[in-house]
Structures are given as structure tokens and as C-alpha cells.
Amino acid sequence: MCGIVGYVGPRPVVELLIPGLARLEYRGYDSAGLAIQQQDSIAVIKQVGRIADLEHALSLSPLPEGHTGIGHTRWATHGAPNTINAHPHRDCTGSVIVAHNGIIENWADLRSELIAGGHEFASDTDTEVVAHMLEDLADLPLAEAVRSVMKRTDGALALVVMRASDPDLLVGARRGSPLVVGKGDGENFLASDIPAFLEHTRRMVVVDEDRVVEITKESIRITDLEGTELPLEERVIEWDLEAAEKGGFSTFMEKEIHEQPRAITDTLRGRIRRDGLVDLSELGLDPERLRIVDKVYVVACGTSFHAAMMAKYAIERWVRLPVEIDIASEFRYRDPVLDSNSLVIAISQSGETIDTMAAARYAKAQGCLLIGVTNVVDSALARESNAVLYTRAGPEIGVAATKTFTTQLVALQLLGLYLAQVRGSRDEGSLVHLAAAVRSLPKLVEEALQASTDIEDISQKFAHTRDVFFLGRSGDFPVAMEGALKLKEIAYLRAEGYAAGEMKHGPIALIEPGVLVVGVATDTHVRAKTISNMQEMKARGATIVMVVERGHEQEAEEVADHVLTVPPGPDLICTVTAVVPLQLLAYHIATAHGLDVDKPRNLAKTVTVE
Ligand code: M6R
């Protein structure tokens with residue numbers, strides 16, 4: 001997501017900020033901007049597109065030299081990716097400058113209040129409210145004004161601000177989004193991540209939650225929101241630049257697997273009300289439009305299709321509407337029966353997959369209501385859809401989908417609960433109960449990730465396995481399919497995902513000693529059946545791994561050679577936790593083979609050909 005880099009010191013700042021932003025490119029962005037402190041004012045330049053586009057704009061209208069400044073790369077959340085919405089943002093006078101990473105949940109209320117107070121907004125962003133709030137607090141020292149803003153804002157914020165009346169001072173603040181200080185000699189940096197300053201200093205200070213930091217070229221001061229000064233805990237960075245971009249993980253895929261609790265937290269933010277019910281009014285859909293829907297189609301490709309499989313089970317169970325799911329490349333050519341009462345949900349993390357786009361356009365042309373689920377703001381799918389539900393996973397660099405998959409599952413669970421609520425298909429008590437379980441997912445996924453080392457050990461034993469089956473029923477079926485796809489695409493093993501009950505209708509002929517079968521049995525109402533299907537595999541000589549909820553290890557141990565546990569939770573919602581051990585299994589098997597998991601052979605992150 002967005003990247004920030006700030007500098008105070010003796011060097012010409014543009015020459016530091018541009019390479020600093022380039023080091024944050026891996027976070028993904030759609031526009032970039034700089035703010036440079038002048039004698040009594042602050043100059044700003046912004047440009048939609050890549051950093052090279054910003055450099056081109058700078059070559060046409062160079063900024064005067066300065067020694068204090070902020071750079072920002074924006075990954076759009078509120079407002080389209082364009083030059084006006086690019087950061088940094090200004091107050092009405094142009095003397096307060098703000099760069100932000102995260103989402104300000106109560107921005108709409110704050111914006112209305114500020115407009116009523118006479119402020120004029122230039123952009124559609126949530127960020128701009130901060131600049132205008134600071135304008136109203138011009139009499140306070142900048143750090144105190146920022147503390148006051150932090151107390152009035154909800155959501156995720158990493159802020160870096162400067163004010164024309166406070167030369168050579170940057171103030172940062174953090175809640176939810178990362179912010180670190182780079183400590184130099186006679187110069188200091190503030191950034192979203194270490195690579196932005198690593199070539200200049202290896203000394204750093206992490207800004208903790210709900211802290212405000214002031215940097216000048218000679219000083220660093222951190223306070224809590226009450227203004228109490230806190231000791232600085234300086235660390236020395238041992239990593240090189242490449243490792244720093246991966247946050248200390250060996251690969252982007254590993255980093256992204258471990259980012260899932262944060263990505264799910266972001267995807268949930270602002271979508272479950274205080275009364276415990278789901279709020280997707282952001283879709284802007286008239287509830288009446290949702291009530292006349294009589295059939296749902298979900299279309300997607302690859303991993304996103306596995307999210308569609310889970311959506312089918314959830315919508316049928318919670319909303320009591322018939323749901324058909326289709327691989328997008330089949331949907332568009334099979335002449336599906338659609339009309340204006342059909343709801344089509346198209347899922348694509350990139351929002352650009354050509355097959356999914358063609359299916360979405362076809363559905364829209366038939367008069368269907370089209371809801372897009374995507375991770376990329378303003379992507380082709382977002383623009384085509386009548387309503388968009390964004391996953392907020394942040395950019396995914398690894399070709400294999402991990403955090404974009406689990407956030408799709410979460411977004412679709414929220415959509416299922418919202419449809420049930422609007423259509424009155426379930427009582428409020430049960431909806432609140434299910435939404436609470438969805439809300440607990442970041443914690444549960446965190447717990448599931450703790451098994452990574454055990455899974456690494458087990459994976460070594462399977463390094464020479466060639467044939468693997470992943471089996472599950474009900475909500476565990478899409479999980480099994482996803483486990484098999486992960487293993488195929490990054491470890492190049494022959495892996496098949498099957499409905500556990502289907503094995504006896506043919507594929508069981510392939511089971512013999514040396515075959516690995518991974519059974520997923522977290523769905524309570526079919527657990528016993530899946531376990532007995534696994535007995536059938538064991539009887540034919542397969543090696544068995546079982547994924548079960550904590551508390552069911554004993555049943556699983558009766559059949560399995562290895563048992564992996566995930567924290568318990570309601571059926572279907574548990575798909576999110578159940579897939580984590582399978583992502584880790586594929587990851588560790590692939591790395592045991594020395595394969596490049598971030599760039600598997602023959603695969604592209606976004607598939608824009610038929
Ligand atoms: O961007 P999309 O979600 O539309 O992409 C769909 C598939 O191409 C994608 O999920 C692919 O299967 C990944 N390699 C899965 O890891």
C-alpha cells in the first residue's frame with residue numbers, strides 16, 4: 001500500500017526522496033508526489049502514474065532546492081488514482097502538508113464537519129481531512145496538533161506532516177500502519193519501511209502504536225498521545241536492501257503469507273457495525289435491488305474461483321438463494337440463463353483477468369446486477385461493476401495468491417452475511433454470531449501461522465513425493481482445491497484437489513504407497529465422513545496428513561501420520577484458517593526443492609490473454 005519517506009538534513013532533498021520512493025515501489029502505487037520546504041512556504045508536485053512520470057513532471061517544472069521534504073507513493077483507497085488525489089495533501093492555505101498511509105474510517109463525518117466550518121476540499125481522499133484539521137489547530141505546536149488529530153480519527157494511520165511555519169521539522173504519527181525513523185548523523189528520515197533510507201543509515205527506531213514522533217536534523221523525540229516523552233529504542237539493521245524489502249522474510253510469498261492477519265484486519269475495517277451486524281452500505285446498492293435477486297452466479301479463475309466455491313456454500317446456507325459458480329472462461333461461452341433478477345459476483349484480485357472481465361461484461365450486457373470483488377482500486381473490474389467490494393490485502397508481489405485469497409474469502413463472507421441481513425433470511429442473533437466469528441479471523445489466522453516451523457519439519461519428509469491429493473467436503477472442499485493449486489504452481493508437483501466423497505468414484509485407483517493424501521476436516525457437520533474417507537486412503541497405503549480444528553487431534557491421529565491443527569470456529573468461516581497450513585506446506589515443500597516461489601515458471605501474476 002502507500003509508501004512515505006521524509007527527510008530533514010543538509011542534503012538536497014529531492015535527490016534523496018526520489019530514490020527513497022523507488023525503494024518503496026514494491027508496496028504498489030498508482031501516483032506519487034513530493035513536498036519540499038522553502039523559505040516561508042512549501043512547494044508540492046504530484047503526478048499520477050509511475051515515479052518516472054513524477055521525475056518527468058519535475059524535469060518540466062523543477063522544484064527549488066530544499067533540505068526538508070516528504071515523498072509519497074499512493075495506492076488508491078478513497079478516490080480514483082489521479083493527480084489531484086495523489087499525496088501530499090494541503091490545507092486551504094497551502095501551509096500544512098500531509099502524507100498518509102492507511103484508511104481514516106470516520107473521514108466522511110470529519111469532512112462534513114470541516115466543510116460546514118468553511119474548509120474547501122481539493123481531493124476525494126480521506127487523507128485531506130487531516131490537513132484541514134491541522135489548519136484549525138495552527139496555534140498549537142505541530143506535534144500537539146497531530147496528537148489532537150490522532151485522538152479524533154479512527155482507523156489506520158501513518159502520517160507524516162510539515163508546516164510552513166515550522167521549518168526543518170517533520171512530525172509523524174502511527175496507528176495501524178507502519179512508520180520507522182532512520183537515524184543519521186546530522187540528518188534523519190521517517191519512512192513506511194526501512195529500504196527507503198537503508199543506503200544512508202543502518203540505525204533505526206520503530207514508531208510504536210499511538211505514538212507521535214518529531215524529527216529535526218539533530219533530534220528525534222517520541223511521545224504518546226498525552227504528550228509524555230518516551231525513551232528511544234535504537235536498533236541496528238543487519239539486513240541488506242533486498243532482504244529489507246521482504247521485511248526480513250526470505251521471499252515475498254512468505255512475507256505475504258505472514259501478512260494475512262493484517263490484510264484481513266484491513267478488509268474488515270469499518271464493515272462490521274457496533275451492533276455486530278455487517279454494514280456494506282459502501283456498495284451503494286438499494287436494498288430493494290438486492291431483495292429482487294432470485295439467483296446468484298459467481299465467476300472467477302484460479303485461486304479466485306476457489307473463493308467462489310466458498311461463496312456458493314455461504315450464500316446458499318445463509319441467504320437461501322440458489323448459487324451457480326463458474327470458471328470465467330467457461331461461463332462466457334456456455335450461454336448461461338441470466339436476467340435482471342440475477343446477481344453476478346465476479347472475483348479477481350487483479351481486476352484485470354481477461355476471462356473474468358469478459359464474463360463480467362457479458363453478465364452486465366444481460367442486465368444482471370454485477371458486484372466486483374477485487375484488490376485493485378479502479379481496476380477494469382471495479383470500473384465495470386455496478387458495485388465494488390474491495391479486498392484490502394495491499395499489493396501482492398508473489399505470483400501465487402495467498403493474502404489476496406484469504407481476504408477474498410473474508411470479503412465474500414461479509415457479502416453473504418449482508419445479503420442475509422438485507423433479505424431477512426436469518427435472524428439477527430445468528431448473523432451477529434457469525435459476524436463476530438469473521439471479526440475474530442485475524443487472531444485465528446495469527447494462531448494458525450504459528451505452526452509454520454512444525455510444517456517446515458513435516459515438509460522435509462515429503463520433499464520426494466510426486467503425487468499428492470487434497471481432499472475435503474463442504475467448506476473444506478475449496479480449501480483442498482486451493483492447497484492442490486498452491487503445490488502445483490510453486491512446487492511443480494502433481495497435486496489434485498477432490499471432494500473427499502468423490503474419490504471412490506475413480507481417483508482411488510491412483511492411491512498406492514508413496515502417494516501423499518492431505519485431508520482437510522474442519523467443517524463440523526462432515527468431519528466424521530471426511531475422516532472415514534481418509535481411512536479408505538490409508539487402507540490403500542497412502543501417507544496421510546490431516547488438518548483439523550484444535551480439540552479433534554485424537555480422531556485425526558487414528559488415521560493420520562501427521563496432524564496439523566487450526567483454531568476452532570464456525571463452519572465455512574473456518575475456510576480462512578484452514579488454508580493457512582496448506583499455503584505453508586506448499587511453500588516449505590517448494591523451498592526444500594530450492595525453487596523460486598515468487599516467480600514460478602510459466603506463470604504470470606495477471607493473465608490478460610485468453
Ligand atoms: O487476478 P485474478 O484473481 O483474476 O487471477 C486469477 C488467477 O489467474 C490466479 O488466481 C492464479 O490462479 C494464481 N496464480 C493463483 O495463485
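**Exercise 1. Find which strands helix 4 lies across, and its angle to strand 6.**

Solution. Start with helix 4, residues 128–136, in this predicted model. Helix 4 lies across strand 5, strand 6 (96–104) and strand 7 (155–163). Now compare directions: helix 4 runs at about 135° to strand 6. Next, look at helix 5 (residues 142–152), which packs on the sheet too and touches strand 7, strand 8, strand 12 and strand 13 (220–224). The direction of helix 5 makes about 20° with that of strand 8.

**Exercise 2. Work out the strand order of the open sheet, and say which strands stand at the edges.**

Solution. Trace the seven strands across the sheet, and you get the order 5-6-7-8-12-13-14, with antiparallel pairing. Strand 5 (89–90) and strand 14 (229–230) have a single partner strand each, so one side of each is left without a neighbour in the sheet, and these are the edges. For a look at one pairing, take strand 8 (residues 170–175) and strand 12 (residues 211–215): they run antiparallel and are joined by five bridges. Within that pair, A173 of strand 8 stands opposite V212 of strand 12.

**Exercise 3. Track down the cis peptide bond at P88, then the positive phi values of S474 and Y492.**

Solution. Go first to the loop between strand 4 (68–74) and strand 5, where P88 is found. The bond from H87 to P88 is cis, and its omega is near -5°. Then jump to the loop between strand 21 (467–472) and helix 18 (476–491), the place of S474. S474 isn't a glycine, yet its phi is near 50°. With a relative accessible area of 12%, under the 20% cut-off, S474 is buried. Past helix 18, in the loop leading to strand 22 (494–499), sits Y492. Its phi is positive as well, about 55°, and Y492 isn't a glycine either.

**Exercise 4. Decide where the largest nonpolar core lies relative to domain 2 and domain 3.**

Solution. Begin with the division of the protein: domain 1 (3–245), domain 2 (254–439) and domain 3 (449–592). The largest nonpolar core has 94 residues, and I345 and F470 have the most contacts inside it. Helix 14 (residues 403–423) gives the most to this core, namely 12 residues. Domain 2 and domain 3 both contribute residues, so the core lies between them. To see what surrounds F470, check its contacts beyond four places in sequence, which include A480, L487, Y498, V518 and L585. There is also a second, separate core of 31 residues, with V5, L21, A196 and M204 among them. As for spacing, the C-alpha centres of domain 1 and domain 3 lie 46 Å apart.

**Exercise 5. Classify two aromatic pairs: F189 with F197, and Y297 with F331.**

Solution. The count of aromatic pairs comes to five. For F189 and F197, the ring centres are 5.9 Å apart and the planes are at 35°, so this pair is tilted. F189 and F197 are both buried, and together with Y7 they form one aromatic cluster. For Y297 and F331, the centres are 6.1 Å apart and the planes at 65°, so this pair is edge-to-face. Y297 lies in strand 16 (residues 295–300) and F331 in helix 11 (residues 328–331), so the pair ties together parts 34 residues apart in sequence. Finally, check burial: Y297 counts as buried at 2% relative accessibility, and F331 counts as buried at 0%.

How values were computed: Residues numbered from 1 in each chain as written. Predicted model: local features only at pLDDT ≥ 70, side-chain atom pairs only at ≥ 80, totals over all residues. Heavy atoms only, no water. Pairing = 2+ DSSP bridges. Helix = DSSP H or I, 4+ residues; strand = E, 2+ residues; numbered from the N terminus. Contact = heavy atoms within 4.5 Å. Axes fitted to C-alpha atoms, helices over the stretch in contact; angles between N-to-C directions. Buried < 20%, exposed > 50% of the residue type's maximum accessible area, 1.4 Å probe, protein only. Core = buried A, V, L, I, M, F, W, Y, C linked by side-chain atoms within 4.5 Å. Domains from an automatic or database assignment. Phe/Tyr/Trp six-rings, centres within 6.5 Å; stacked < 30°, edge-to-face > 60°.
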